[in-house]
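Let's take a walk through this structure together, one stop at a time. Have the sequence and the 3D view ready.

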Amino acid sequence: MEADDKTEFDNNLISNLTRTTLTTEELNRRVGNLLVVAVLVAGVTFAGAITVPGSGSDRNSGISKNLMRLYICFDMLGMNCSLIAAIILCRISLGRASDDVTSSMEVATCYNFYSLLCMGLAYTCILAITVQERRTGFFRDIITLQAFFLFIQLFYSFGLILSTAFKALAFLLANLFKFKAGMKRRMYHVRTSLMGRE
């Protein structure tokens, strides 16, 4: 029975390994798909910044001003996240990414995820501005429906938001300690070279 268990364990291990290793064709397909998403989000957010939606009839109220500021912030965040993802993906496709291509793809996917999330938040802000301007029942129903969809998006995104936040925090802390250790080494080398000159 132990031999059967070992072979089953080995088979599971081999099947998991084959899932994580990517052929060049699969890698190119995934990079291409992610790059399409990144470029589309960048184009939409760029167009949203050039032609700011809304008629502008009631933008002097405090709520509309704050919603417009939020819209611009989310639009800017969405564009920059998508551009960072596109740059990472271009580096992968040119073969200039770091040694671990899988982690670079994961980072690019996270940036794509945040760009889509920011685009949805920007859209919600514009809908809220439209409701402020028109104040009809139809637009109130639309913004209520959009708030419901936004809640669903955040509900499904919550786990990914937390995991990427913890990964980013761990990455920053690890690199901070590496940076401090590197600075100590450099200072030691500078001191020894200065003492040697004397």
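Start with a hunt for charged partners: a search of the whole structure turns up one salt bridge, meaning a side-chain nitrogen of Lys or Arg within 4 Å of a carboxyl oxygen of Asp or Glu. Here the side chains of Arg29 and Glu25 are the ones that meet, at 3.5 Å from N to O. Side chains of opposite charge can pair when their charged atoms come close. Both Arg29 and Glu25 sit in helix 2 (residues 24-50), four residues apart, which is about one turn of the helix. With a relative accessible area of 46%, Arg29 is partly exposed, while Glu25, at 57%, counts as exposed. (Buried is under 20% relative accessible area, exposed is over 50%, and partly exposed is in between, using a 1.4 Å probe and protein chains only.)

A word on where this comes from: it's a predicted model, so local features need pLDDT of at least 70 and side-chain atom pairs count only at pLDDT 80 or more, while totals for chains, interfaces and linings use all residues. Residues are numbered from 1 along each chain as its sequence is written, and side-chain values use heavy atoms, leaving out hydrogens and water.

Now zoom out. The protein has five helices and zero strands; helices (H or I, at least four residues) and strands (E, at least two) are DSSP runs, numbered from the N terminus. Of its 198 residues, 25% are buried.

Next, follow helix 3. Its 32 residues (62-93) should span 46 Å at 1.5 Å a residue, and the end C-alpha atoms are 47 Å apart, which agrees. That expected span is 1.5 Å times one less than the number of residues. After helix 3 comes Gly95, with a positive phi near 80 degrees.

Met79 is a good place to pause within helix 3. At 21% relative accessibility, Met79 counts as partly exposed. Setting aside residues up to four places away in sequence, Met79 touches Ala42, Thr45 and Phe46, where contact means heavy atoms within 4.5 Å. Met79 and Phe46 are 33 residues apart along the chain, yet their C-alpha atoms are separated by 6.8 Å.

Last stop: helix 5 (residues 137-197), the home of Leu176. Leu176 is partly exposed, at 39% relative accessibility. Together with Leu169, Leu173 and Phe177, Leu176 makes a nonpolar surface patch of about 380 Å².

How values were computed
Patches are made of residues with over 30% relative accessible area and no salt bridge: like charges are joined within 9 Å, nonpolar side chains (Val, Leu, Ile, Met, Phe, Trp, Tyr) within 5 Å. Accessible areas come from the Shrake-Rupley method with a 1.4 Å probe; for residues, only the protein chains shown count as cover.
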